[in-house]
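Colleague: I have a model open and want to learn how to read its pockets and rings. Where do we start?

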Amino acid sequence: MLKSGPIRALGAMSGTSLDGVDAAVIETDGHEVLGFGPTGYRAYTPTDREILRGGLGRWPGEPGVAAAAEVVEEAHMTLLAGLDAELVGFHGQTLAHEPAGRGTHQAGDGQALADYLGRPVVWDFRSSDVRLGGQGAPLAPFYHFALARWIGAEAPLAFLNLGGVGNLTWIDPRLPRPDSPGALLAFDTGPANAPMDDLVAARLGAARDEGGRLARAGSVDEAVLDDFTRQGYFLKVPPKSLDRMDFPFLGPAVAELSTEDALATLAACSAAGVMAGLDHCPAPPERLLVTGGGRHNATLMEMIAAGIACPVAPVEEVGLDGDMLEAQAFAFLAVRVARGLPTSAPGTTGVAAAVGGGTLSRPRSDTRSRAAS
């Protein structure tokens, strides 16, 4: 049994950018953030990323899925074995996400990870929400609410995560709980880093446009941007979510552009999605705090700041770690799952009522932890 009171929890996140696995330890009781601990990172190799891309858009049992799961599990086992915690939150790697269709698919076996680490693991965070009519994403908002309290926010604000897909969390920290009506509104804003990273990988064999330097040298194709902003997704009322593979027309739309112009256009599309998203917020946020890899893209950040009314800043300005915030979120959510607390609500995923997702797997007594050997 897990002890009562604060728990030292370890979270891991392998996002849609396919760059690697982030891991972070926090201390929390599932309501408040009480302290931050060690962090770690395990980059995916070019071969790993190729295997993972081969599994994108696929479902359990389809070609490429088993190989992708093996990459995910090995990376997590290697990284997490070196970090001490009482409980682990394992998100896995999202390969496909169709909440209104086949559901959601995160590669990686949490039971295998629990057996290897010799520690309880919470995983499969999204499926319950989807089964109950929710979008299954985004899931970090409950943690964002706790962080808004931790930084002492007194007025509505927003967190923007720029991963492979962008997602926005609007927060009213004056309300008592994250599942209080009106406390949170969260949704995906559109593609963020994924189209840019894919283009750079295909054309240059690189992982990303470092700092947005190539995009800064390019010019935006206004016709492509106009087509993008006319997509019906931006008119949909949130909560709403996307798959990494949505907006497939973007790649062909910039195929004939120079690398610099293509990246400038894709960055402008990402920024436009954020601007459209802010129009859905119940009240203008006092500030926009940005996390995820996209905050390192200075061109993208400048485009966002130029298009909205409130200050835009990386989360480091309020003492947070933007590289590890998503991993910390799944540590926080793991504690909530273990204690029977909700992890999503109507305002975050569109689920009918607040619900706790996730499966808690304990190490099997007949399995010797390889991490301890």
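Modeller: Start with residue classes. Ala, Val, Leu, Ile, Met, Phe, Trp, Tyr, Cys and Pro count as nonpolar, Asp, Glu, Lys and Arg as charged, and the others, Gly among them, as polar. Keep in mind that this is a predicted model.

Colleague: How many residues of each class are in the lining of the second largest pocket?

Modeller: That lining has 13 nonpolar, three polar and five charged residues. The pocket has a volume of about 340 Å³. Its lining comprises 21 residues, and the closest to the centre are Pro 195, Asp 198, Arg 244, Asp 246 and Phe 247.

Colleague: Which element supplies the largest share of the lining of the second largest pocket?

Modeller: Helix H6 does, with four residues. Strand E9 (184-191), helix H6 (193-204) and helix H9 (250-253) each supply at least two.

Colleague: Now the rings. What describes a pair of aromatic rings?

Modeller: The distance of the centres and the angle of the planes. The count here comes to nine aromatic pairs. Take Tyr 233 and Phe 234: their centres are 5.8 Å apart, with 80° between the planes. Planes over 60 degrees apart count as edge-to-face, so this pair is edge-to-face.

Colleague: Are Tyr 233 and Phe 234 buried or exposed?

Modeller: Both are buried. They also belong to one aromatic cluster, together with Phe 228, Phe 247 and Phe 249.

Colleague: Which charged end sits over the ring of Tyr 233?

Modeller: That of Lys 240, 4.4 Å from the ring centre. Phe 247 links our two topics: this residue is among those closest to the pocket centre, and it is part of the aromatic cluster.

How values were computed
Residues are numbered from 1 along each chain as its sequence is written. This is a predicted model: local features need pLDDT of at least 70, side-chain atom pairs count only at pLDDT 80 or more; totals for chains, interfaces and linings use all residues. Side-chain values use heavy atoms; hydrogens and water are left out. On a 1 Å grid over the protein atoms alone, a cavity is a set of points where a 1.4 Å probe fits but cannot get out, and a pocket is an open set with protein on both sides within 12 Å along at least five of seven lines; lining residues have an atom within 4 Å of a point. Grid points are joined across faces, edges and corners, and a volume is the space filled by probe spheres set on the points. Rings of Phe, Tyr and Trp (its six-membered ring) pair if their centres lie within 6.5 Å; planes under 30 degrees apart count as stacked, over 60 as edge-to-face and the rest as tilted. Buried means under 20% relative accessible area, exposed over 50%, partly exposed in between (1.4 Å probe, protein chains only). A charge sits over a ring if NZ of Lys or CZ of Arg is within 6 Å of the ring centre and within 35 degrees of the ring normal.
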